[in-house]
Amino acid sequence: MEKYPFCEIEKKWQAYWEENSTFSVTEDPSVPKERRRYVLDMFPYPSAAGLHVGHPEGYTATDIYCRYMRMNGYHVLHPMGFDSFGLPAETYAIETGTHPKETTEQNINRFRQQIKSLGFSYDWNREVSTHTARYYRWTQWIFLKLYERGLAYQAEVPVWFCEALGTVLANEEVVATPEGLRSERGNHPVERKPLTQWMLKITQYADRLLEGLDTLAWPESIKTMQRNWIGKSTGANVVFKLAGGEGTIEVYTTRPDTLFGATYMVLAPEHRLVDKITTKDKRREVEEYVQTAGQKSDLERTDLAKEKTGVFTGAYAVNPVNGEKIPVWISDYILISYGTGAIMAVPGHDERDFEFAKKYDLPIIQVVSRDGTLHRLDEAYVEYGVAVNSGQFDGLATEEFKEKIITWLAERNAGEPAVNYKLRDWIFSRQRYWGEPIPLVHCRKCGIVPIPYEKLPLTLPEVESYKPTGTGESPLAAIEEWVNTECPRCGGPAKRETNTMPQWAGSCWYYLRFLDPQNKNELASREATDYWMPVDLYVGGAEHAVLHLLYARFWHKVLYDIGLVNTDEPFLRLINQGMILGEGGVKMSKSLGNVINPDEVVAEYGADSMRLYEMFLGPLEVSKPWSTQGISGVQRFLDRVYRLSGRRISDTAPDAAILRLLHKTIKKVSEDTGGIEFNTAIAQMMIYINELYKLDELPRSAWDPFVRLLAPYAPHLAEELWQQLGNNGSIADAGWPEYDETLTVEDRVTVVIQINGKVRSRMEIDAGTGREEVEKLAFEAPRVSELTAGKEIRKIIIVPDKLVNIVTA
RNA sequence: GCGAGAGUGGUGAAAUUGGCAGACACGCCAGACUUAGGAUCUGGUGCCUCACGGCGUAAGGGUUCAAGUCCCUUCUCUCGCACCA
């Protein structure tokens, strides 16, 4: 028996959808807001490898959802595009001299064709690619807005520099690996280097980025990750005077209530006071330590397992609460980039300080107690409790003490409340060719001058070589005629900024360009934005939890502040699809040779089988292994459906059992499709087909609704069957079938009879039978009377239409 | 170490409010049809037992008439963070 002719069917309907622009949408004002949906996929980076099977997973899910919503009368925006700036094309250009634009566009064409081969219902009229000048014109435009609002600035910062890539990386692009810190892309070693970079002041939005999370229907895990990444903490800055000299050391602490337990202080080796306060006799030792710390990689410095090190500076500070003189140390366990770069050490109540104090034999004082009594501290007690050894504050609960001491310090100008974030400003410049040029010029007279908005886009020049200069400058720096320009303000000689933007820039706002992709005057009209935004459903991989999703939220909030968008948050609901693993549950990778190529799957099994299979594997959100045997199972199902369509269609009504199953099926498939639980919806369709398969002829009223249910899942086959049924036009325009609740319930039910919680018998009775009747019938059932004979019956529990539990003594 | 999530047949997985554990599918077994079968159709398939029956949702305990589901303890795995004071 040969397979159904999926190849012809799929080609035919893909051509039909294309010719008829079946899925293009416009901003029709007659459609009320609540009948509109914006469903978005994370657009792909068009790599040379082509689509992998992970892409179609999320794309199929949104496609099914969109088709379902359309059939239910919704107006759905479902666009696709390409995140087409990026390093691989540039690396390839360095190796071969091929222009990145050329490879990128080849890859885009391949991706588009692959995506189309799966029959997704995108509105292709809205396709955008971030590397095109008509797109990045607006990326640059947004950058200038950020600059105008003081959210983009230059700073010399220690940044991650990657020798192999010849560029600076963002914190988020550096990952810890067993071999040390490496670039996320390419796994190359990275090092810390101070360089002048463009920074975006995302920290200014830290609170709003944090608060906004509460309003979003996102996975808790992603929200938690973002919260942790932002890392807000509240406490106090406390000022310690230096003993015997002028000057102060300011520290940040979340536990000002432990101030009486501060027995020493620690500065980061890079702290500006280190040089000033170090005494003569300690200078040599301190300088040596500072230098070693500076040479250490950050991995070494942040390795938790390593023993803490430090040296005494010879200086002392005065504890403002009790006038105690305490020594000032330096150690690389204190980070210059967090808080004030200095701490008061409370070894009794901080694990790190405890470890350090033990090693260097510094005093440990207990100032917090669980119950108000003193005991020996074998480890730091970090919990909240009651103050002890704290002078007039003894007996206060931690929470209350914190408030009191902050006020006390503030009255004496020795401290104030403080808030800190782990989030750092976003290092935004890249020393690369294949990215958006930063639209600024450096004028000797006027300083940094933005290129006027109407002069955008500032396009990428052609270059001889794509290699980074290695000096920390981008390949653009080598193009004299491009770099040397006029100052837009004074007309004098000026030089262009040669840094480009990171790949994240284009993806920060692409969902807005889809709303109005041809607009020449604005990035998107306010009308189009108001019509569609916010995104109702956003589906993509969890790897973007804190990068893309945080950056995009940041830009969106800025655009909101400018008045360009109508909402404070861009993505209302987010779903992360799980990874598709190789057979056996291991990661798919080239080195393991277990990569499944979607083209081959489509060629062998068809797009509908591929779509259905990926959805049938399991819940969308979880990772699940690919199984080549498994796909033949869903193909068999589609085959059966197709063969079934060859049977005679009758106009007689289906029998009661089929009718009931039909309505149950419509109900289950409707609820599960709306709830993005596609695996169980497919299982229900299989159950239905298994039953229909037993019939010699198909009642039209049992078959027609099924074809509609199938349409979101296997759209090509459904179109074909729809046409066979004598319909003109696309099934996409057909309505979704409705079910009658009363027809979904069984009139006879099987009730199990338990004795002491164990199933001993069962009986078939009318649904809705009353309790007394059920009880009576239960005792008439076989084995029940013999098993209960001579026993005291303590209790009878009846769950209507489900179960009877007879409890005996 | 901290945070989040997950552990159910040989495999992928199902299972409203606690109410027949294993739907659906893969695989396997048997049969039918066939020159043939990696096609198709029908039936079977958690484990132990000839059977009656017993045992089963990572392990142990608890609540309950009743626990995959609720509570406690432990273990394992995945993901994220990694001295953030």
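User: In which sense do strand β30 (residues 793-799) and β31 pair, and over how many bridges?

Analyst: This is a predicted model. In a regular strand, side chains alternate between the two faces of the sheet. Here β30 and β31 run antiparallel to each other and share 6 bridges. Valine 799 is placed opposite leucine 803 of β31.

User: How many residues lie between β30 and β31 in the hairpin, and which residue in the turn has a positive phi?

Analyst: The hairpin leaves 3 residues between the two strands, and aspartate 801 in the turn has a positive phi of about 65°.

User: Strand β28 (residues 748-755) also pairs with strand β31 (residues 803-808); is that pairing parallel or antiparallel?

Analyst: It is parallel, with 4 bridges between β28 and β31. One bridge joins isoleucine 755 to isoleucine 806 in β31. β31 therefore has a parallel partner in β28 and an antiparallel partner in β30 by the two-bridge criterion for pairing.

User: Turning to aromatic pairs, how many are counted?

Analyst: Ring centres within 6.5 Å make a pair, and the angle between the planes gives its class. The count is 47 aromatic pairs. Tyrosine 333 and phenylalanine 356 are one of them, a tilted pair with 5.4 Å from centre to centre and 50° between the planes.

User: Where do tyrosine 333 and phenylalanine 356 lie?

Analyst: Tyrosine 333 is in the loop between β12 (325-330) and β13 (342-345), and phenylalanine 356 is in helix α11 (residues 351-360), so the pair ties together parts 23 residues apart in sequence. Tyrosine 333 has 15% relative accessibility and so counts as buried. Phenylalanine 356, at 0% relative accessibility, also counts as buried.

User: What geometry do tryptophan 426 and tyrosine 551 have as an aromatic pair?

Analyst: Tryptophan 426 and tyrosine 551 are stacked, with 3.6 Å between centres and 5° between the planes. Tryptophan 426 belongs to strand β17 (residues 426-427) and tyrosine 551 to helix α17 (residues 548-562), so this pair ties together parts 125 residues apart in sequence. Tryptophan 426 and tyrosine 551 are both buried. They also belong to one aromatic cluster, whose other members are Phe143, Tyr147, Trp198, Phe428, Trp504 and Trp555.

User: Which ring does arginine 496 lie over, and which ring has the charged end of arginine 647 over it?

Analyst: Arginine 496 lies over the face of tryptophan 482, 5.4 Å from the ring centre. The charged end of arginine 647 is over the ring of tyrosine 693, at 4.5 Å from its centre.

User: How many residues surround RNA strand B, and which are the closest?

Analyst: There are 52 residues around RNA strand B, the closest being Thr254, Lys308, Tyr338, Arg352 and Arg640. By class, the surface near the strand has 22 nonpolar, 15 polar and 15 charged residues. Helix α22 (residues 678-692) gives the most to this surface, with 6 residues.

User: What share of the RNA strand B atoms within 4 Å of the protein belongs to sugar or phosphate?

Analyst: Sugar or phosphate accounts for 64% of those atoms, and bases for the rest. Among the polar contacts, a side-chain N or O atom of serine 233 is 2.7 Å from a phosphate oxygen of RNA strand B. Arginine 640 places a polar side-chain atom 2.6 Å from a phosphate oxygen of the strand. The side chain of threonine 253 has an N or O atom 3.2 Å from a sugar or linking oxygen of RNA strand B.

User: How many residues of helix α19 (residues 607-616) are buried?

Analyst: An α-helix has 3.6 residues a turn, so residues three or four places apart point the same way. Helix α19 is mostly covered, with 9 of its 10 residues buried. The buried residues include Asp608, Arg611 and Glu614.

User: Is threonine 278 buried or exposed?

Analyst: Threonine 278 has 6% relative accessibility, so it counts as buried. Threonine 278 is in the loop between α8 (273-277) and α9 (280-295). A polar atom of its side chain lies 2.5 Å from the backbone oxygen of valine 274.

User: How far apart are isoleucine 336 and leucine 267 in sequence and in space?

Analyst: Isoleucine 336 and leucine 267 are 69 residues apart in sequence and 8.2 Å apart in space, C-alpha to C-alpha. Isoleucine 336 is in the loop between β12 and β13 and is partly exposed, with a relative accessible area of 39%.

Methods:
Residues numbered from 1 in each chain as written. Chains lettered and ligands numbered in written order. Predicted model: local features only at pLDDT ≥ 70, side-chain atom pairs only at ≥ 80, totals over all residues. Heavy atoms only, no water. Phe/Tyr/Trp six-rings, centres within 6.5 Å; stacked < 30°, edge-to-face > 60°. Buried < 20%, exposed > 50% of the residue type's maximum accessible area, 1.4 Å probe, protein only. Lys NZ or Arg CZ within 6 Å of the ring centre and 35° of its normal. Near = heavy atom within 4 Å. Polar contact = N/O pair within 3.5 Å; in protein donor to acceptor, adjacent residues only side chain to side chain. Nonpolar A, V, L, I, M, F, W, Y, C, P; charged D, E, K, R; others polar.
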